[in-house]
There are 2 protein chains.
Amino acid sequence: MAEFTVKFDNIPASVIVEAGALISDAAKIAGINILQPCGGQGRCGRCAVRVLSGSVHFRSTLRLSDEDVANGYALACQTVIGGNVLIEVPQQEKIERRLVTDRTAIEVSVPSQYDPYNDQSIQKLLLTLAEPNLEDQTDDLNRLRIAIKQVTGLSKISIPLSAIIKIGRVLREGNWKTTVILDIHFNHEDNSEEAWLIDIFPGHPLDEMPILGLAIDIGTTTVTVWLVDLFSGKILSQASLYNQQISRGEDVISRIIYASKNGGTVELQDLVITTINDLIETVCSDKNDQSYKNENIYTPTIAGNSTMIHLLLGLSASTIRFSPYITTLNQVPMLRASQLGLSINPSAVVDCLPGVASYVGADISAGVYSSGMDHTDMLTLFLDVGTNGEIVLGSQEWLVTCACSAGPAFEGAGVASGMRATSGAIEEIWINTKTYEPTYRVIGGGKPRGLCGSGLINLLAELFMTGVIDKGGNINSHLDSPRIREGKHGLEYVVVWATESQNNQDIVLTRVDIDNLLRVKAAIYAGFSVSPDSVGVRLADTEQIFIGGSFGKYLNVEKAIQIGLLPDLSWDRFRFLGNTAVLGTYYALLDRNAHKHIQDIASRMTYIELSADNNFYEAFVSALFLPHTDLDRFPNIAQVLDIQKGDD
Amino acid sequence: MAEFTVKFDNIPASVIVEAGALISDAAKIAGINILQPCGGQGRCGRCAVRVLSGSVHFRSTLRLSDEDVANGYALACQTVIGGNVLIEVPQQEKIERRLVTDRTAIEVSVPSQYDPYNDQSIQKLLLTLAEPNLEDQTDDLNRLRIAIKQVTGLSKISIPLSAIIKIGRVLREGNWKTTVILDIHFNHEDNSEEAWLIDIFPGHPLDEMPILGLAIDIGTTTVTVWLVDLFSGKILSQASLYNQQISRGEDVISRIIYASKNGGTVELQDLVITTINDLIETVCSDKNDQSYKNENIYTPTIAGNSTMIHLLLGLSASTIRFSPYITTLNQVPMLRASQLGLSINPSAVVDCLPGVASYVGADISAGVYSSGMDHTDMLTLFLDVGTNGEIVLGSQEWLVTCACSAGPAFEGAGVASGMRATSGAIEEIWINTKTYEPTYRVIGGGKPRGLCGSGLINLLAELFMTGVIDKGGNINSHLDSPRIREGKHGLEYVVVWATESQNNQDIVLTRVDIDNLLRVKAAIYAGFSVSPDSVGVRLADTEQIFIGGSFGKYLNVEKAIQIGLLPDLSWDRFRFLGNTAVLGTYYALLDRNAHKHIQDIASRMTYIELSADNNFYEAFVSALFLPHTDLDRFPNIAQVLDIQKGDD
């Protein structure tokens, strides 16, 4: 039998393998650890390597794009060595990043037409004032106002006491030359432009004074902050942290309940402000020998769901919880950063983007803008599933939106072995069709501790597709597997035995868990069904489906369709947009027109209150099955199920 | 010789006196202490009593008004008993109050046309909002805005975060009935009306909720606060206290210097805020079993000189001190009470009245308004001498204003035995024309400790009119009196020997003191001279002279003319208006139109900067004599001096 030499670019020696060997076999011989979380079934795509030279034969390129294949990528577990080859093994991290990037994040680049002088609400003015004398005793404040008006044409200029206190010194220190930072905004109350003075400095400093802004997305689970140079538009650094409020409740409802307790509102406000301030410290700290001063951050633009915005402002949000689900506000009035305790320039005007309703917040207004769906003539469905699920349907013509109380099951809450998508969570899982034995991939490697959202979706899909559970979610007790057993709360499937788990406890999925998950996916799918109905279009006509939010980040479309969470449409219609909220916030931070546009989107979106909608309830009940009561809605899944039936 | 029976209403027995006896003689016999600080010369008017029945003959009614005489008042030292009489001796306090009232305060009554619904900037709205439902999910804030707009027509409504935080609870607690307190103001920046929401309450309370305001005058020496019921317009209570900043400097210049030291600005701000808060506590505390809540004070209207306003806001005011004497601001932007730490409703908008220049502040704008001089066709001169001297000349046609750095000499500072007008200060003094021995009246009775402003003016006039000093202020060493002696700093006059003084030290007036006082009076008189010149009218044409400020309170016109501090015009042209600043502030507090009017006055007044004016310097030098270099300007004094010459 022929033998081939296999050289890996990251070790000195090469190895010899027999013809017919897989790249993964060669790696094993070479002592190179290539992760294969799906057990070498070619289903997870995580063992991708690059063939730099030599001949190989693919068994499968599932999980690789055409572009990947063109660039020489191959799945180590599915590629047969056909000659002497040189293989590049991307570092595990690198693979992950590539895959993550492919599936979730769109490249964030400064908009090509960005013109800080026209687009920015933050303007730096270099003013030279006439020096006062005995014939012109105009007071300092008025002298400054007149000079600003001459340059900007604005007569409405709000100047905070903190700036007034230093005006006298600053003007004289700079010998009547001064640099002023203004925030110029459109006032929606009376359709006028007005300026807020943020800071004032003596003279016209020669060295470039950084003009910085923040794009902030306050998620129920994760808070993200981007530090942006407002002159170049470039993102200088990014950071994310868990929202420290998590310790006071996993989802918005439990937060609202906590807030309604004595002192709870203030405590939750403190926690989210602390989270943001921690992130600000991170994004401002040394990066390539460059650090930034908090005082040079002149505007924070903030998105978040309505509850998060309420808690940021210290509002109890209790009315969001009960019918008729009313917010205290969807549009936040002008506030200075010092009023909230944000550690940036204390006079910066806090710019909270507008929300639509109790369960469709500013994160969605911003997300819709960044997705571009309001600019396309293609019928587009926008789904943001984080701790909650929000759906927007439409195009440049119209936009309807609704929210389904997805609940935190996909965040791991309310599920026996559920956990958040953090170290120790099973995020991908495959079940052997014959033995029903699972293989899985754990975030951070090591022993598993539980199942996160994507792991749960995977598990549910695999259990269904392998026949462990039926379309009603019932576990098949007749299968010959020790993993199917009677637990405390009925039948359950053991994913990980206690001996193999981090905390020496079985990791299981119970019948109760399955019901919880079915309710969540049914609520979201019902949202998909009702939105098109409400405007007389068909879900199947949706030309593109945008998935945003933290949930979309690791979502496996195939699995999500298999359980009926996503509609059964051609995969190429799905686009994972990552954190659309922070992206939209970034655009609003850069460009006053984008900001106005987001305002328009918020007021244009027609909100459908699903809790009052009988059609929603019917759609929900129909969707409580795997993938759905009506298999005609899932033709591709039906086909696979048919084939499997044929196999049996 | 005939004898008459004299009965005093405050003692049981009566006394018998011979014909020709004075009431003061009878009082002495009866053991009744009637103060006669001028030594029974009939010059001070402080021994006034009331003749209830019986016949008397007046030697003099100088110091009594026709009305007083009609009401039976008589000077005990100048009234001869002509039959059996019944005499009422007013309590000393009562006399003082009556005299003080006569000479200084005008009766403060609510303007007759006052209509809180039209005039008040503070409006209480009783709103009934539509209850939200699933078809109308308008957020609370917007629902409230819409309701306010329906009633007021205003779309610009500034709502503070502190109110937003409670909106949700308040609206529901009141079952969608709510009571809102608005402050509706004219915005001078863009000529529009806008509303600031101050507070919001559930329901439409049945019991009357007091709507209160404060009129505050921040003087360099004294701070005055009036608590006003904004619905009736009535002054509920008044209180005054020394400005606690006094301990950090007697006059504005020394305060500015103190403020420029490290932490000084904040310290002075704290001191004046503390003073105001102490006064608020006083005016709100039990009065006739009625006390008021600080939270029900919805607006403070504030006047003060420019330095006082700067220090209130925490501005250093250092530029006020040096040429070209520029303020940081004359017009204070909108601030909430919480920003300054005033102990009233934290959302109340602090309304500082507008000033004109560094040395013509809001106290003058308000004072001019309350004097009514801008509404008369009579040429009017308005003088406000407190720690500084401000002069306004004009009528409804035009107004010019200037400030003379009077300095604190008349407040007792910079004078060897000077002190403020407080207990122990000599406030009136008479010198015997033959013996040069003084008699005097001490504030609070008891032994004297020093000389206050009015005492100094009296002393200077008496010394001049009795020939102890000449027109140049030189002390005549040839007079036969032990009180004229050579002191450490040249000749001096001993007012009180150490044995008779409170602190066992001689109370003296030195040549240096005289020069200081001459400079102050010359500065003020020069202001009188230059203001008419600058607009081509003659000082003698002035039809009325209004004297405001704490200084005017006890000012003796006769004495003030004798030293050339006031122009030698017929006494009936002089009117003492008391604290014109707080009165104008009260009117502004009541009436938006009065407020606008004060704004107009501030912008209409033409400010003359005297420090740059050669004519002022010349007028100043000419006025450095008693009463003046040019005796033609003081015809009445010249006549008296001629008579005295004839007597010699």
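Reader: How many residues of domain 4 of chain A are in contact with residues of domain 5 of chain A?

Author: In this predicted model, 13 residues of domain 4 of chain A touch 15 residues of domain 5 of chain A. Helix H16 (residues 557-562) of chain A supplies the largest share of the domain 4 side, 3 residues. By class, that side of domain 4 of chain A has 9 nonpolar, 3 polar and 1 charged residues. The C-alpha centres of domain 4 and domain 5 of chain A lie 27 Å apart.

Reader: Into which domains is chain A divided?

Author: The division of chain A gives domain 1 (3-103), domain 2 (116-202), domain 3 (212-352), domain 4 (363-405 + 528-647) and domain 5 (409-517).

Reader: I should now like to read a single helix. Which residues of helix H1 of chain A are buried?

Author: The general idea comes first. An α-helix has 3.6 residues a turn, so residues three or four places apart point the same way. In H1 (residues 23-30) of chain A, the buried residues are A:Ile23, A:Ala26, A:Ala27 and A:Ala30. Viewed down the axis of H1(A), these buried residues fall within an arc of 100 degrees, so they line one face of the helix.

Reader: Against which strands do the buried residues of H1(A) pack?

Author: They pack against several strands of chain A, including E1 (3-8), E2 (14-18) and E3 (48-53). Strands E5 (73-75), E6 (79-81) and E7 (85-88) of chain A are also packed against by these residues. Just after H1(A), A:Gly31 takes a positive phi of about 75 degrees.

Reader: How should one read a pair of helices? At what angle do H17 and H18 of chain A pack?

Author: One reads the angle between the axes, then the residues in contact. Helix H17 (residues 580-590) and helix H18 (residues 592-604) of chain A pack at about 125 degrees, with their axes 5 Å apart. This angle makes H17(A) oblique to H18(A). From H17(A), the contact uses A:Gly584, A:Tyr587, A:Ala588 and A:Leu590, while H18(A) contributes A:Ala594, A:His595 and A:Ile598. By class, this contact has 5 nonpolar, 2 polar and no charged residues.

Reader: At roughly what angle do the axes of H16 and H17 of chain B cross?

Author: The axes of H16 (residues 580-590) and H17 (residues 592-604) of chain B cross at roughly 125 degrees and come within 5 Å. H16(B) and H17(B) are therefore oblique to each other. In H16(B), B:Gly584, B:Tyr587, B:Ala588 and B:Leu590 meet B:Ala594, B:His595 and B:Ile598 in H17(B). The classes in this contact are 5 nonpolar, 2 polar and no charged residues.

Reader: How many residues of chain A are in contact with chain B?

Author: The size of an interface is often given as the accessible area lost when the parts come together. Here the description is by residues: 37 residues of chain A are in contact with 37 residues of chain B. Helices H5 (140-152), H6 (161-173) and H10 (318-321) of chain A each give two or more residues to the chain A side. H6(A) provides the largest share, 5 residues. By class, the chain A side has 18 nonpolar, 13 polar and 6 charged residues.

Reader: With which residues is A:Leu335 in contact, leaving aside its neighbours within four places in sequence?

Author: A:Leu335, found in strand E16 (residues 335-336) of chain A, is in contact with A:Leu340, A:Val350 and B:Leu161. With 18 C-beta neighbours inside 10 Å, A:Leu335 counts as partly exposed.

Technical notes: Residues numbered from 1 in each chain as written. Chains lettered and ligands numbered in written order. Predicted model: local features only at pLDDT ≥ 70, side-chain atom pairs only at ≥ 80, totals over all residues. Axes fitted to C-alpha atoms, helices over the stretch in contact; angles between N-to-C directions. Helix = DSSP H or I, 4+ residues; strand = E, 2+ residues; numbered from the N terminus. Parallel < 35°, antiparallel > 145°, perpendicular 65-115°, else oblique. Contact = placed C-beta atoms within 7 Å. Nonpolar A, V, L, I, M, F, W, Y, C, P; charged D, E, K, R; others polar. Buried ≥ 20, exposed ≤ 12 C-beta atoms within 10 Å, placed from the backbone. Arc of directions from axis to C-beta. Domains from an automatic or database assignment.
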